[in-house]
Structure formats: C-alpha cells, structure tokens
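Hi everyone, thanks for coming. Let's look at this one together, and please stop me whenever you like.

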Amino acid sequence: MAGDFTHELQRLDLLVHREILRLRAGYQLSLDELRGVYISDEQVDALVAEARPAGTPDVAELTRLADELHAHHGDTSPLAAIARDFELSRSSAMRSSSRSHPSSRSSTRRCTVTSTSGGAAACNRRSRGASVRARNQRARAADRLRAVDSRRAPRDDRCALEHRPELARALVAGPALVTALLGLPAFDMRLAACVEPSGDRHASRVVLPEAIEEVLATFATPLAHASRRPVIVLVADAAQAPEAAASSLVHRWQRGLLRVLGSTWPNERWAAPALALVARLRGDAVLVDLEEWQADARRLLAPLFHALARAHVPVVVVASPATDWRAVVREHAAMTICLDEPDVAARRRLWSRAVSGSSADASAISQVAEHFRLGPAQIDDAARTLAFAPSDDVTDLRTRLFRAARGQSSGDLGHLAQLVPQRHAWADLVLPAAVTRRLRDVSGAVAARAKVFGDWGFGKRSGAGLMVMFAGTSGTGKTMSASVIAREIGLELYRIELASIVSKYIGETEKNLHRLFEAARRANVMLFFDEADALLGRRSEVKDAHDRYANIEVAYLLQKMEEHDGVIILASNLAKNMDQAFSRRLHYIVEFPRPDAPLRERLWQAILPPEIPRDDDIDFAFLGRQFELAGGDIKTITLDAAFIAAAAGRPLGMADLIGAVSRQMLKQGRPPSASDFKQYHQHSVGSGAAR
C-alpha cells in the first residue's frame, strides 16, 4: 500500500506542475495584485524541482507521464479510494511537504490543498469568483472529510492564525486519515478507550433464531439502497443478543460495526467528528447501546448522532423495552425492530446448534429448551460453560444442561423471595395414595406444559402459565411436595415473602408484585406463595378507601398471575377464604388431609434420621395411633426430643419423645392428660417423673 501511495503522490506532483505551466502560459501568475497571499514563481520552482522529470517537460509531456502512472497503478491506492468514497474530484490533490511556508517562522510540516477544478488555481486573480468557488469547494471537502485541521499552528503563532491568508495556514492530516492513507484500518487512538470493533466481542458471533434473521433480512434490503438511512433501533433485552442482530444487519450491507462505550465517551467537541470520520473511512456502522449510557450522559448522543448523519454513517441503537429510547432519537428518523424472545421450537434449534459437538440427546435438549426461557446470548454462554466442565464430572447430560441453564438465569429474587432447599424426593413424601397420584399429575403437567401450551397450541388461547393450589392445614406436606416437584423437573423453587411484597403505602404492593414477576420470568423458577389466603382474600364491598385499594391489589395480583407464563404454586390453610376469581383460574387443586394413624406411624419412623442412636423402647405404633399430629408437628417434636437426649448424653428413647409431645401440646394450648399418654403418662410434662 505504501508503494501505491508514493506513485499517487508522484502523479499529483506532475498534475500540479502541469497546472503551473498552463497558468504561466496565460500570464496568470505574473501580476502582483495578490502578492503576499500566493507562492511566487521562484518558490514554486523550488518546490517542484525534486519531482521534475529529466529535461524541460511541457504540458503534453506532463499529462502523458501522469496518465501512464494512473494507467499502470490504477485507482487502487488508498487516496483514490478515499477520493471516490467522499466524492472528491480526481483533480483535487493533497501534497505533503516538509518545507516551511514563507509566512511561517517554523518548518512545520504541512499539506497544501490545490484545486484545479474548472481550469483555475486557488490564486487565479483573473476570476475572483472562481477563486471563491475553489475555496468553497475545499471547505466543503474538508467538512465532509473532517480529516484536516486548518486551525492547528505552533503555540507561539496561534494568535495570528485567523488573520493569515488561506495559503499561509497549515492543514494537518488527522490521525484517522493518516492510518487510512497508509493502507491500515482507519482509527483515531484518541477514541481507543471508548470505541471498539464489534467483531472483537464474541456476542457478535452468537447464532440468532431463524425468525430474527428473516426480520433483519426484510428490513436490510430496502435500507441498503436508501440514500439517507434512518437510525435503526433494536428493542430487546441483552439476552436476545441485540449486538449480534446489529452485526447481522450491517453485514448485509457489507459493513462492519463500531461499538461506542458510553461509560468512557469523552465530553469533548472533537469526539463526535472524529468517530464519524473513522466510521466513514472504514465503511462501518456505529452501534450505541443505551443501557451503557447513564441518564446524564445521554445528552452527549445528540451531537454524536448529528455528526454521524452528516457523514452518512449508519447508526444502530440498542435499547431495552423499559428504556426511553424515543427521547434520544426524537430529532432523527428512526426505524424500530423488536427482537422477540424465541419460542420453544426456536430454543430447541438454538440449543441443538450450540451443543452439536457434544453427545447431547434430543430428549435432554428438548427439556432444557422447554423449561428455561433463555435468549440466544444466554444459550450460547450456557453451551460454552459445558466445555469447561471437570473431566471427572460423571453427571448425566440433562443435569449438566440444566445446571448451565440455571447459571444463565438472571432474575434477582433475593429480597423478594427465599430459595426453598430441595432435600427431598418422592420416597420421602408420606401422603395418602390419592394425593401422591395427584401430585405426580401436577409434576407431569409441569414437565409437559411446553408441549401442550406451545406445540399443541393451547397457549394461544389462555397463556402458557400453570397455577396449582395446595390446600390443607399447616404441616401436612405442602412445601415439601412443592420442592419435590421442582427437584423432579430441575427448576428452583422460591417461596414468596409476603412481608417484602405487601406494603401499607398505596401502590407499593403493586410495584413489588411487578418486580417479583419480572424477576421470576428472567430467573426461570417456580414461585411458591405460602399462606396465599393472606394475599388473595376475597374482594369485599367497597365501604371506604381502604376497601377500594385492597380490592385493587387483589385484582392486580390476579392479572399478573394470569399473565405469568411460569409455574405458580399457591398454598393455603384457608382455601375457602380465597377469591373465587382465583379458584376459576386454577389448573389443579390438591387437598392435603391430616394424616390418619397408619400415615402418622410412617411419619414418626421416616422423620427420625437413620444416624440417630435410639432405644428399643420407642413405640411408633402408639405414637401414631394416640396423637393426631401433622407432619410438621412431628418434625418439631422429634427435634426437641433429640436435643434433650443429646444434652443428656444418651440415645433417644420413648420418654424423650413423650416429653416432647406434651410440651408441643402445651404450646398449642392443650394441657396433657393421662388419657392422652396412657401408660407413658409418667414421662409427660408435669407428671414429676419425666426425665
């Protein structure tokens, strides 16, 4: 490239020399009217001496030599390419000289722009109008290019710069133009901290859903031939890979993409024109992600967009649905493209392509696509993590896929809900057979909801959410059953903390509910509303303002639950107190009865860990038959008895359990009696014989 640039400069020298001879032939350089604002004959001869061919060439010879150089090297030089792109005439030339201008005291290196358009030089005194037109043409070229700076001068001479003739001013090539003329990708190192090619980020190489590619292709075709492209606004969350979509769009225009980093963009006047020049010289589009720009920094986007529009540089803006992007582009024509979340079928294809190199089976891919609503960027990142799994990881592929997908779920539920540990399996549930069968039906519905709502089309009519009610007294296994279902499916279960949701201030409860469901959607989790009757009570007749706003809260919660396309499990001790509107929308209602004697005996045996030392005198049949307790009560009693036995340094015995039962009865307001404990009454609290 450097050689081509040298030949181009030689050709320009010949053209300048030819023009000088033409002007001298017409006696246009011999008058003194413009003395002091033009270069004298002696100075011109000195400047062209080094480039003068052997002998004394005439106009025809100089033209022949210039044409030979052009024919031999063609228009392949960087300078020729820049001239074509910026619509500069072939007769416009830039000559780099190391000699000082007579009016300058220093030997500052400078470029002199000489226009021969219309057969007149810049100092043609025969036609002042032609001189003015020539100067205007140079100004327009420089304005389009923004590549030279006519204001730069030595510090000691800067004060008198504006009063100098135009030919006495130094034109310094900008850094972007210098790199482009050297055949390198144009760039300005002043922008190194705030501009980067999008190809340097792996996000630009994320595979997009076919539906998104079709939408981009539809928009790209008419925009490719538009003389002035509008600002393209891609409305999407980061999970939908908007940067990859922007790269795909501009790639159809045979362009690259420069990403502007809002956190480091300088508040300087030179920044916007410098970026516009870099993008124009490279032939790239500019990407602006509004999520990276603070609200107070977005005021800097107005001059940036204006500079890019003047340079005819395409602009792509990325904004989330919650961002007020219209205020940023209101002064420009804008075209909006919404990147919707991929459906189940699209997610299956994305996962299949992302893990094509592994031994993934179709069933595992289908399940992870059904249960995790991830975007293209998240699926790509999740698939990358699989490559870094430890070599000794022997877990099955489904487990590893679900683990990687959970790692990409980004919902922030920490202050709104509590993660429910998943320590139990189906074998740990001690419930009537009919209840267990119904719970398995619920688990099967959760597993198949993507097929039913998506592939079978039920979601088009009623949404893709699943609402389940667990009704029963406290301690009957509702929370444990919900955790077992979540573990079976492979999803996390979050218990909603009503204290963090309900607020005494008007409107705050609705805001908290909105944040909750948005976070749950991004986190791909199951929601568990414990004590749901406290939040979903019946709407009452409006007698005062409190009743009105309470009814609004219930109505809003009903709306959000109906819109939510995940799994919601409601648990209530008083299901009959819930509003009928919720009951109509429940897909399943599972009644948890208090356990009978055989189930209570199994609960006593199942709750005691196998590691605990125990005496042989424990009568599980008596405990199950004699005390009508729920599983939660039995768990509390066994823990109390274990602490007593451990503190005394002995194995757990029947006396410890009887004492704990009597204390639990006292907590519930039921004084122990001899008829309750029969032969073990001596071990109850208050008997005086309890150890």
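Let's start with helix H17, residues 478-489. In this predicted model, H17 lies across five strands: E12, E13 (493-496), E14 (526-529), E15 and E16. Its direction is at about 150° to E12. Helix H19, residues 508-523, lies across E13, E14 and E15, and runs at about 145° to E14.

So what are these helices lying across? The strands I just named belong to an open sheet of six strands, and if you walk across the sheet the order is E11-E13-E14-E15-E12-E16, with mixed pairing. At the edges you find strand E11 (417-419) and strand E16 (588-592), each of which has a pairing partner on one side only. From one strand to the next, the twist averages 25°.

If pairing is a new idea for you, here is the short version. Strands of a sheet pair through backbone hydrogen bonds, and they do that either parallel or antiparallel. For an example here, take strand E12 (residues 466-472) and strand E15 (residues 567-572): they pair in the parallel sense, over six bridges. You can zoom in on Ala 471, which stands opposite Ser 572 in E15.

Now back to H17, since it has a neighbour to show you. Helix H12 covers residues 362-371, and its buried residues pack against H17, as well as H11, helix H14 (397-408) and helix H15 (433-455). Why do we call H12 largely enclosed by the rest of the structure? Because seven of its 10 residues are buried. Those buried residues are Ala 364, Ile 365, Ser 366, Val 368, Ala 369, Glu 370 and His 371. Notice that the list includes Glu 370 and His 371.

Let's move to another enclosed element, strand E9, residues 315-319. How many of its five residues are buried? Five of the five, so E9 is largely enclosed by the rest of the structure. Both faces are covered: Val 315, Val 317 and Ala 319 are buried on one side, and Val 316 and Val 318 on the other. E9 also has strand partners. Strand E6 (residues 231-235) pairs with E9 in the parallel sense over four bridges, and Val 235 has Ala 319 as its bridge partner there. Strand E8 (residues 285-289) runs parallel to E9 too, joined by four bridges. In that pairing, Leu 287 has Val 316 as its bridge partner.

Val 235 comes up again when we turn to a loop residue. Leu 339 sits in the loop between strand E10 (334-338) and helix H11 (344-354). Is Leu 339 buried or exposed? Its relative accessibility is 6%, and anything under 20% counts as buried, so Leu 339 counts as buried. Setting aside neighbours within four places in sequence, Leu 339 is in contact with Ile 212, Val 235, Ala 236, Gln 240, Pro 242 and Ala 245. Its C-alpha atom is 9.4 Å from that of Ala 211, although the two residues are 128 apart along the chain.

Thr 638, in helix H24 (residues 631-648), also counts as buried because its relative accessibility is 6%. Beyond neighbours within four places in sequence, Thr 638 is in contact with Trp 604, Ile 607, Leu 608 and Leu 657.

Next, the aromatic rings. The count comes to five aromatic pairs. One of them is Phe 622 with Phe 627: the ring centres are 6.0 Å apart and the planes are at 85°, so this pair is edge-to-face. Both Phe 622 and Phe 627 are buried, and together with Phe 677 they form one aromatic cluster.

Rings can also have a charge over them. The charged end of Arg 190 sits over the ring of Trp 270, 4.4 Å from its centre. Similarly, Arg 229 lies over the face of Trp 253, at 4.7 Å from the ring centre.

Finally, let's zoom out to the whole chain. The protein chain has 26 helices and 16 strands. It is made of 691 residues, and 45% of them count as buried. Among contacts between residues at least 6 apart in sequence, 75% join residues at least 24 apart. The exposed area is about 35100 Å², with carbon and sulfur atoms supplying 52% of it.

That's my tour, and I'm happy to take questions.

Conventions: Residues numbered from 1 in each chain as written. Predicted model: local features only at pLDDT ≥ 70, side-chain atom pairs only at ≥ 80, totals over all residues. Heavy atoms only, no water. Pairing = 2+ DSSP bridges. Helix = DSSP H or I, 4+ residues; strand = E, 2+ residues; numbered from the N terminus. Axes fitted to C-alpha atoms, helices over the stretch in contact; angles between N-to-C directions. Contact = heavy atoms within 4.5 Å. Buried < 20%, exposed > 50% of the residue type's maximum accessible area, 1.4 Å probe, protein only. Phe/Tyr/Trp six-rings, centres within 6.5 Å; stacked < 30°, edge-to-face > 60°. Lys NZ or Arg CZ within 6 Å of the ring centre and 35° of its normal. Areas by Shrake-Rupley, 256 points an atom, 1.4 Å probe, with all protein chains shown as cover.
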